[in-house]
Amino acid sequence: MVAFDRAGYGESDPDPRRSPESAALDIQDLADALGLGDKFHLVCSSLGSHAGWAAVRYIPHRLAGLAMMAPVINYRWRGLPRGLARQLYGRQPVGDQWSLRVAYYAPWLLHWWMSQPWLPTSTVVDGSAPFPNALDEKNRVMALSNGMFHSRARLATQQGVQESFYRDMTVMFGRWTDFEPTDLEKPPFPVHLFQGDEDGVVPVQLQRHICNKLGWVSYHELPGAGHFLSAVPGLGDRILSTLLSSPASA
């Protein structure tokens with residue numbers, strides 16, 4: 001099992017031209033460099049899951065299976081029901097609404113916008129918004145109080161928050177010109193998506209819609225689970241066993 005820092009995170013080189021396609025090709029290059037073989041399994045989580053959708057689009061011949069944990073959704077994807085997406089978008093904190101709006105309409109402005117204390121900015125970046133799920137909220141408060149949140153953030157963004165998190169935001173919440181998840185055709189490998197029904201970051205209603213519209217995603221809705229699924233006891237083993245025991249698609 002290999003975990004790696006995507007472009008701009010940790011010690012990985014930044015990529016000013018980062019896109020969903022480059023995220024998928026980075027995974028392929030890493031697999032080739034490590035000699036993982038012709039096919040390998042991929043597990044993505046949260047904001048990093050745009051690389052999972054992109055892998056289905058750009059390197060389907062390389063994957064033996066894909067699992068995504070609470071993949072983040074772009075509210076402006078064309079395949080989403082507009083009324084529902086607009087309603088759920090409006091339920092977010094004002095700072096998060098504005099951050100996503102800037103990432104979509106003026107991505108070049110995002111770094112400046114997020115650095116202005118007088119402007120409404122993302123609550124996810126500073127960990128200030130409470131979560132509706134009890135386990136998520138417990139872990140958020142603990143990570144802030146013991147310094148773990150800021151310590152991990154410093155490691156992840158050591159090359160600058162612009163090259164890591166903000167560029168991720170412009171990729172994920174910007175304009176998807178080549179494809180959107182609901183445009184994808186069924187790949188030759190199993191795809192599993194795990195989603196908590198108490199997720200305070202990703203609306204479960206939109207996740208259900210995407211999976212229902214595609215028809216070939218094995219959707220696993222987790223009652224009582226929030227966004228940070230890696231913290232749910234035993235869930236990691238369940239995800240891996242589900243992924244590795246799934247037969248390849250016909």
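**Figure 1. The salt bridge between Glu137 and Arg140 in a predicted model.** Glu137 and Arg140 form a salt bridge (a side-chain nitrogen of Lys or Arg within 4 Å of a carboxyl oxygen of Asp or Glu), in which the closest N and O atoms are 2.8 Å apart. The two residues are separated by about one helical turn, because they stand three residues apart in helix H7 (residues 134-145); helices (H or I, at least four residues) and strands (E, at least two) are DSSP runs numbered from the N terminus. Both Glu137 and Arg140 are buried, where buried means under 20% relative accessible area, exposed over 50% and partly exposed in between (1.4 Å probe, protein chains only). The model is predicted, so that local features need pLDDT of at least 70 and side-chain atom pairs count only at pLDDT 80 or more, whereas totals for chains, interfaces and linings use all residues. Residues are numbered from 1 along each chain as its sequence is written, and side-chain values use heavy atoms, with hydrogens and water left out.

**Figure 2. The salt bridge between Arg167 and Glu163 in helix H9.** The closest N and O atoms of Arg167 and Glu163 are 3.0 Å apart, and the residues, four apart in helix H9, are separated by about one helical turn. Arg167 and Glu163 are both buried.

**Figure 3. The salt-bridge network of Arg6, Arg18 and Asp168.** Within this network, Asp168 forms a salt bridge with Arg18, with 2.6 Å between the closest N and O atoms. This pair links distant parts of the chain, since Asp168 lies in helix H9 (residues 162-173) and Arg18 in the segment before H1, 150 residues apart. Asp168 is buried, with a relative accessible area of 0%, and Arg18 also counts as buried, at 9%. A search of the whole structure finds eight salt bridges.

**Figure 4. The surroundings of Asp96 in helix H4 (residues 94-105).** Asp96 is buried yet has no salt bridge, and Arg140, the nearest side chain of opposite charge (Lys and Arg counted as positive, Asp and Glu as negative, His and the chain ends not counted), is 11 Å away. The side chain of Asp96 makes polar contacts (pairs of N or O atoms within 3.5 Å; within protein, one must be able to donate a hydrogen and the other to accept it, and residues adjacent in sequence count only if both atoms are side-chain atoms) with the side chain of Ser122 at 3.1 Å and with that of Thr123 at 2.6 Å.
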